[in-house]
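Visitor: I am new to this structure and would like to learn how to read it. Please show it to me, and then we can go through its features in turn.

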Amino acid sequence: DGVVIDDVTEALARAKANGVKNLLVQPTHLMNGYEYGDLVKELEGCVSDFESVRIGAPLLTTDEDLAAVAQAMVDAAAGYDDGKTAVCYMGHGSEAAANGIYARMQKYLSDSGHDNYFVGTVEAEPTAEDLVELVKAGGYEKVVLRPMMIVAGDHANNDMAGDEPDSWKRRLEAAGYTVSCHLDGLGSQPEIQAMYQAR
């Protein structure tokens, strides 16, 4: 679209060239995975360019964060809690140990009485197949799909809501469910924005 957006290296160079003294970086990462670690390393390499360098935490860092994000996820889809609808959230997934955050979120949702909420990932576990089995086991009739990502980008539009046979939407439809997709990322919710601002 002709829009130029800096990568991290370019943004740091521009901040230095602009005479920034105190650098505060707030990433919009969901968890402390490989990408967050790479960002921390890159910032460590430029500490001599600024008087101070600070970095904010990922969205899901503490147990309190987990509880707050789970509540935001439930609030966003509360209109579908009719006993017949499963709400499935798609996370990105990671090979990093931080991928365990998805299982923790699932446990929190289940333990707090939200048995019709399920969390899966595109690139790790739980998989789409896992989600289909969970929905079947719950005896639901309809499924709502939402991204458990800050922005509803390529994965949400294609892997979740796309028309290819392996998208979550198509897999669930093939299993006999009526599926509706909501393409608004977590970052569009005011309560999530407030959490980042409080970092």
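Guide: Start with a rule for strands: two strands pair if DSSP finds at least two bridges between them. Keep in mind that the model is predicted.

Visitor: How many bridges join β5 to β6?

Guide: Strand β5, residues 142-147, is joined to β6 by four bridges, and the two strands run parallel. One bridge can be located by residue: Leu-145 has Cys-181 in β6 as its partner.

Visitor: What holds strands together in general, and in which order do the strands of this sheet come?

Guide: Strands of a sheet pair through backbone hydrogen bonds, in either a parallel or an antiparallel manner. Here the sheet is open and has four strands, in the order β4-β3-β5-β6, with parallel pairing. β4 and β6 (178-181) are the edge strands; each has a single partner, so one side of each has no neighbour in the sheet. On average, neighbouring strands of this sheet are turned by 25 degrees against each other, direction ignored.

Visitor: Which strands does α3 lie across?

Guide: Helix α3 lies across β3, β4 and β5, and runs at about 110 degrees to β4. Another helix, α4, also packs on the sheet, where α4 touches β3 and β4. The direction of α4 makes about 175 degrees with that of β4.

Visitor: Next, the interior. How should I read a nonpolar core, and which residues of the largest one touch the most other members?

Guide: In soluble globular proteins, nonpolar side chains tend to be buried together. The largest nonpolar core in this model has 27 residues, and those touching the most other members are Val-69, Met-73, Met-105, Met-148 and Leu-186. Two or more residues of this core come from each of α3 (63-76), β3 (85-91), α4 (100-111), β4 (117-121) and α8 (190-197). The most come from α3, which gives six residues.

Visitor: What does Met-73 touch, leaving aside residues up to four places away in sequence?

Guide: With those left out, Met-73 touches Tyr-89, Met-105, Leu-109, Tyr-117, Val-119, Met-148, Leu-186 and Gln-189. A separate core of 18 residues lies apart from the largest one, and includes Ala-86, Cys-88, Phe-118 and Tyr-177.

Visitor: Now the charged residues. How many salt bridges does a search of the whole structure find?

Guide: Side chains of opposite charge can pair when their charged atoms come close. The search finds twelve salt bridges in the whole structure. One of them links Arg-14 and Asp-6, with the closest N and O atoms 2.6 Å apart. Arg-14 is partly exposed at 48% relative accessibility, and Asp-6 is partly exposed at 30%.

Visitor: Is Lys-169 buried or exposed?

Guide: Lys-169 has 17% relative accessibility; buried means under 20%, so Lys-169 counts as buried. Its salt-bridge partner Asp-163, with closest N and O atoms 3.2 Å apart, counts as exposed at 55%.

Visitor: Where do Arg-170 and Glu-173 sit relative to each other?

Guide: Both are in helix α7, residues 168-174, and because they are three residues apart there, about one helical turn separates them. They form a salt bridge whose closest N and O atoms are 2.5 Å apart. Arg-170 is partly exposed, with a relative accessible area of 29%, and Glu-173 is partly exposed at 29% relative accessibility. Through shared partners, salt bridges join Asp-163, Lys-169, Arg-170 and Glu-173 into one network.

Conventions. Residues are numbered from 1 along each chain as its sequence is written. This is a predicted model: local features need pLDDT of at least 70, side-chain atom pairs count only at pLDDT 80 or more; totals for chains, interfaces and linings use all residues. Side-chain values use heavy atoms; hydrogens and water are left out. A nonpolar core is a set of buried Ala, Val, Leu, Ile, Met, Phe, Trp, Tyr and Cys residues joined through side-chain atoms within 4.5 Å. Buried means under 20% relative accessible area, exposed over 50%, partly exposed in between (1.4 Å probe, protein chains only). Contact means heavy atoms within 4.5 Å. Axes are lines fitted to C-alpha atoms, for helices over the stretch in contact, and angles run from 0 to 180 degrees between N-to-C directions. A salt bridge is a side-chain nitrogen of Lys or Arg within 4 Å of a carboxyl oxygen of Asp or Glu.
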